[in-house]
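Here are some notes to read alongside the structure. Take the points one at a time, and keep the view open so that you can find each residue as it comes up.

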Amino acid sequence: MTAISSSEALGGSQLRDWLRHHGWTLGVWLLLGALVVWYSTLVPSFGGFELSLIVNNSLPIAFLALGQAVIVIAGGIDLGVGSMMVLTNVVAAKYMEGESFAVAILIAVVLIAAAAILNGIVGWIINVSKVPDIVITLATLFIFAGFALAILPSPGGGAPGRFRWLFTGSESGIGRNAWPAIIMLALATQVVGLWLVKTRNGLSLYALGSDPTAAYLSGVRNSKAKILSYAIGGGLAAMAGLATTALTGSGSPRLSIASTATLNSVAAIVLGGIALTGGIGSVVGASGAAIVLFILNPILTARGVDPNSARVIQGLLIIFVLMIAGVLEQRRQRRS
Amino acid sequence: MTTMTTTKPLLAAENLAKRYGAVIALESASLTVQPGEIHALLGANGAGKSTLVKILSGVISADNGSVAVDGTPIRLRNPDDSMSAGLATVFQDPALIPDLTIEQNFRMTGVDRTIVQEWLVKLDIPELDFDSIVRDLPLPLLRLVDLARALAHDPRLLMLDEITAALSADQAELVFGVMREWKERGRSVLFISHRLTEVLHICDQATILRNGHDVESLAPGEGGEARLVSAMLGEDHHESSAVREGTNTGDHVVLEARDLHRLDKVNGVSFELRAGEILGIAALEGQGQDQLFQILSGDRRPSGGEILVNGEPLVAHSPYDAIREGVVLVPADRLHALLPQRSVRENLATPLYNRLSRWFRLESDEKERVDGAIDRLDIDIRAASQVRQLSGGNQQKVTIGRWLAAGFRTLLCFDPTRGIDIQTKAQIYQLLRELADEGAAVLLYSSELREIPLVCDRTLVMYNGQVVDEIADARTATESSLLTAAHGLEGVST
């Protein structure tokens with residue numbers, strides 16, 4: 001009798017523990033599910049076209065949020081990810097135009113590697129200069145956007161149809177097949193997420209963001225971990241750029257796109273439960289939150305809300321979610 | 001042991017030196033540890049113990065000197081180098097990542113969970129949930145987990161920096177058992193502690209640092225405590241008692257607790273604290289004393305009972321309300337209470353900001369008050385530009401000094417001398433006595449039971465969230481009688 005009741009108690013506390021670790025992530029995805037259901041009631045028909053519209057268009061911001069998440073978890077913040085996305089978009093559109101699928105893939109791989117190295121160097125500069133992340137990356141926001149303009153002064157370029165299919169499920173960028181985008185995003189989120197919490201290198205990023213002194217004393221090379229976080233963030237920003245290229249079929253070198261994308265990536269990770277102070281949160285929540293932020297647009301449009309007010313509602317949603325999380329956390333602390 | 005000299009030393013550190021700008025942390029210190037030896041590293045605060053350990057663990061690099069393990073010179077550029085040379089350190093602040101689970105911490109440092117589990121069993125924590133987040137666990141437990149992790153690295157030399165400071169007496173005894181076992185395996189331990197009884201109890205050899213030099217190396221048993229103390233201080237020294245002659249405390253009750261409850265940690269605590277007295281709280285770790293101090297200082301609200309200040313009920317929503325009634329806290333975690341990156345003066349002046357005049361200027365006596373506190377406490381302000389650069393003892397003086405500058409009636413001191421050398425300790429106790437003589441009331445919890453008879457007028461013994469005993473004249477208490485009472489074993493002591 002006692003054995004049973006004690007094992008039940010254990011099960012209960014395990015569930016509580018699990019909810020504590022993953023509750024926010026779960027909440028974000030439940031919110032997303034609710035929004036998708038709501039959206040499906042607002043449109044005349046909800047099928048592959050509508051679904052792929054949502055997932056495809058969320059892809060760039062979701063990749064960007066993943067990259068930002070990795071950097072913020074490691075205790076940094078990268079305002080330059082938006083420009084890195086635009087830079088990759090522009091380079092890819094310029095050089096992929098008229099090329100075969102194989103060449104486009106080659107270009108994509110080179111671009112991801114180059115972006116990782118370039119952003120790794122940004123991390124190294126932050127280490128060496130001891131200038132706060134936010135200052136250095138504010139500068140890279142302008143620098144990378146400047147590069148993009150130099151490479152492609154006006155919108156243009158293109159990408160092979162099969163390459164576009166890879167991210168959008170359609171050679172024209174608009175279609176009814178949402179699977180490629182879903183798989184692409186799920187795969188990236190899982191790989192990055194598992195790497196972060198299961199491997200020594202991944203955990204060292206959490207360690208650096210959580211407590212740099214304790215991390216160092218545990219044998220973490222803090223400077224290496226920082227560079228690693230920026231390199232991965234850069235690589236994921238390049239993925240966002242490639243997704244943009246596939247989605248739009250062209251390159252657009254505008255600073256406004258870059259800065260909006262950066263701010264959206266920060267909004268997504270905050271909504272996704274990642275602490276801006278570092279060390280806390282899950283990338284799974286971040287990618288879900290990125291889609292939440294996007295899906296608000298078609299919902300509000302379908303409700304006939306003025307697009308300008310949509311921004312206000314996005315902002316209010318972020319505050320609202322963070323307030324609920326804050327209240328829950330306070331209640332938990334008062335209980336313990 | 002003449003045979004010892006023929007074997008190669010496990011660790012030989014020669015003439016290590018480190019300076020920070022003009023401040024010399026370590027001038028020239030050498031240390032030799034033999035295999036199978038528990039070696040104490042002793043010295044007053046600022047003698048260079050922590051610096052030496054940080055060099056050996058690769059946290060900071062020495063300006064000068066050499067380190068050899070088994071006769072082979074090694075380079076220590078980072079903690080990794082130290083670990084691969086077979087040295088493992090348990091630091092004063094646990095090197096566990098607060099936002100990760102225990103399991104993730106082990107995974108990150110690449111230790112074998114099953115070996116850690118074996119050591120945890122020996123440390124009497126066999127059922128630790130590896131999925132719990134470090135931030136949620138109490139400090140004493142974390143120190144033991146950190147110790148188990150260090151042992152799982154299977155180091156040749158285990159370095160323990162003040163590991164017993166946060167532990168209860170029975171937990172410390174478990175650590176000693178593990179140290180002895182390590183020694184029996186032919187491994188060595190470098191043990192740093194301010195508690196000389198522990199050193200006499202367990203160490204084979206001791207090296208004493210003073211002002212950045214190693215001044216003596218001896219077997220602690222040879223000369224006893226007096227010899228160790230005189231070597232540390234460089235002069236004859238007597239353990240000073242801060243107890244007043246006679247017990248003529250006033251009758252004015254400044255703080256009264258009536259049947260305080262909080263969750264299941266504080267279960268009906270009542271006492272009266274009078275002006276001019278130092279009331280001690282003797283308790284083992286985790287008997288509700290920390291919660292009691294949180295309630296009294298206004299940090300947490302009691303779930304039952306009431307607090308009376310000068311006969312008036314105090315309902316504190318935050319420490320601000322308690323401070324306004326003159327009830328102030330000196331916590332054990334000094335950096336928690338201070339602004340570590342600000343100067344000594346700014347820290348001393350912080351509580352004065354409550355007294356901003358209407359046009360947002362500090363009242364004109366700010367400078368006098370701050371100067372007065374610095375003089376009175378004899379704070380070493382050479383490193384005054386950032387409080388975190390001060391030694392632990394001087395930091396603690398600043399936390400007390402803040403309240404001297406701001407003014408108070410009741411001082412709640414929660415283990416104020418944790419990790420502080422005996423000289424500074426004596427100064428702090430002397431200061432508490434002076435404050436009491438001037439009419440302040442002091443409530444003092446110390447994790448070192450032997451210090452309670454040295455400073456307190458009256459002592460309450462807490463066990464399991466309740467006051468189980470009151471010793472009207474604390475001077476008559478001894479460490480063992482307090483320890484017996486603190487274990488809840490009423491009446492066993494005589």
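Helices and strands here are DSSP runs, numbered from the N terminus: a helix is a run of H or I with at least four residues, and a strand is a run of E with at least two. Please also keep in mind that this is a predicted model.

1. **A residue in a loop of chain A.** With those terms in hand, look for the loop between α4 (101-129) and α5 (133-151) of chain A, where you will find Lys130(A). Lys130(A) is not a glycine, yet its phi is positive, at about 65 degrees. Is Lys130(A) buried or exposed? A residue counts as exposed if 12 or fewer other C-beta atoms lie within 10 Å of its own. Lys130(A) has 6 such atoms within 10 Å, so it is exposed.

2. **A helix to check with a ruler.** Helix α10 of chain A covers residues 222-248. At 1.5 Å a residue, its 27 residues should span 39 Å, and the C-alpha atoms at its ends are indeed 39 Å apart, so the two values agree. How many residues of α10(A) are buried? The count is 23 of the 27, which means that the helix is largely enclosed by the rest of the structure. After α10(A) comes Gly249(A), with a positive phi near 70 degrees.

3. **Chain B in outline.** Turning to the other chain, you can find 18 helices and 20 strands in chain B. The chain has 494 residues, of which 48% count as buried. Take the contacts in chain B between residues at least 6 apart in sequence: 70% of them join residues at least 24 apart.

4. **Two domains in chain B.** The domain assignment divides chain B into domain 1 (2-233) and domain 2 (253-486). Their centres, taken over C-alpha atoms, are separated by 31 Å. Where they meet, 16 residues of domain 1 of chain B are in contact with 16 residues of domain 2 of chain B. On the domain 1 side, α7 (169-184) and α9 (220-233) of chain B each supply at least two residues. That side has 8 nonpolar, 6 polar and 2 charged residues.

5. **A covered strand.** In strand β3 of chain B (residues 38-42), 5 of the 5 residues are buried. In a regular strand, side chains alternate between the two faces of the sheet. For β3(B), one side carries Ile38(B), Ala40(B) and Leu42(B), the other carries His39(B) and Leu41(B), and both faces are covered. Which strands pair with β3(B) in the parallel sense? One is β8(B) (residues 188-192), over 4 bridges, with Leu190(B) as the bridge partner of His39(B). Another is β9(B), also over 4 bridges, where Ile208(B) stands opposite Leu42(B).

6. **A loop after β9(B).** Follow chain B to the loop between β9 (205-210) and β10 (213-218), which holds Asn211(B). Asn211(B) has a positive phi of about 50 degrees, although it is not a glycine. With 14 C-beta neighbours inside 10 Å, Asn211(B) counts as partly exposed.

7. **An antiparallel pair.** Strands β11 (residues 253-262) and β12 (residues 266-274) of chain B pair in the antiparallel sense over 7 bridges. Leu255(B) has Leu273(B) in β12(B) as its bridge partner. The hairpin leaves 3 residues between the strands, and Leu263(B) takes a positive phi near 45 degrees there.

8. **Where the chains meet.** Chain B and chain A each bring 18 residues to their contact. On the chain B side, α3 (79-84) and α4 (102-109) each supply at least two residues, and α4(B) gives the most, with 4. By class, this side has 10 nonpolar, 4 polar and 4 charged residues. For a residue with contacts in both chains, try Asp131(B): leaving out residues up to four places away in sequence, it touches Asp17(A), Thr101(B) and Glu103(B). Asp131(B) and Thr101(B) are 30 residues apart in sequence, and their C-alpha atoms are 5.3 Å apart.

9. **The nonpolar core.** The largest nonpolar core has 251 residues, and among those with the most contacts inside it are Ala65(A), Val70(A) and Val442(B). Both domain 1 and domain 2 of chain B give residues to this core, so it lies between them. Beyond its neighbours within four places in sequence, Val442(B) is in contact with residues including Ile278(B), Leu411(B) and Leu432(B).

Key: Residues are numbered from 1 along each chain as its sequence is written. Chains are lettered from A and ligands numbered from 1 in the order in which they are written. This is a predicted model: local features need pLDDT of at least 70, side-chain atom pairs count only at pLDDT 80 or more; totals for chains, interfaces and linings use all residues. The expected span of a helix is 1.5 Å times one less than its number of residues. A residue is buried if 20 or more other C-beta atoms lie within 10 Å of its own, exposed if 12 or fewer, and partly exposed in between; C-beta atoms are placed from the backbone. Two strands pair if DSSP finds at least two bridges between them. Two residues are in contact if their C-beta atoms, placed from the backbone, lie within 7 Å. Ala, Val, Leu, Ile, Met, Phe, Trp, Tyr, Cys and Pro count as nonpolar, Asp, Glu, Lys and Arg as charged, and the others, Gly among them, as polar. A nonpolar core is a set of buried Ala, Val, Leu, Ile, Met, Phe, Trp, Tyr and Cys residues joined through C-beta atoms within 7 Å. Domain bounds come from an automatic or database domain assignment.
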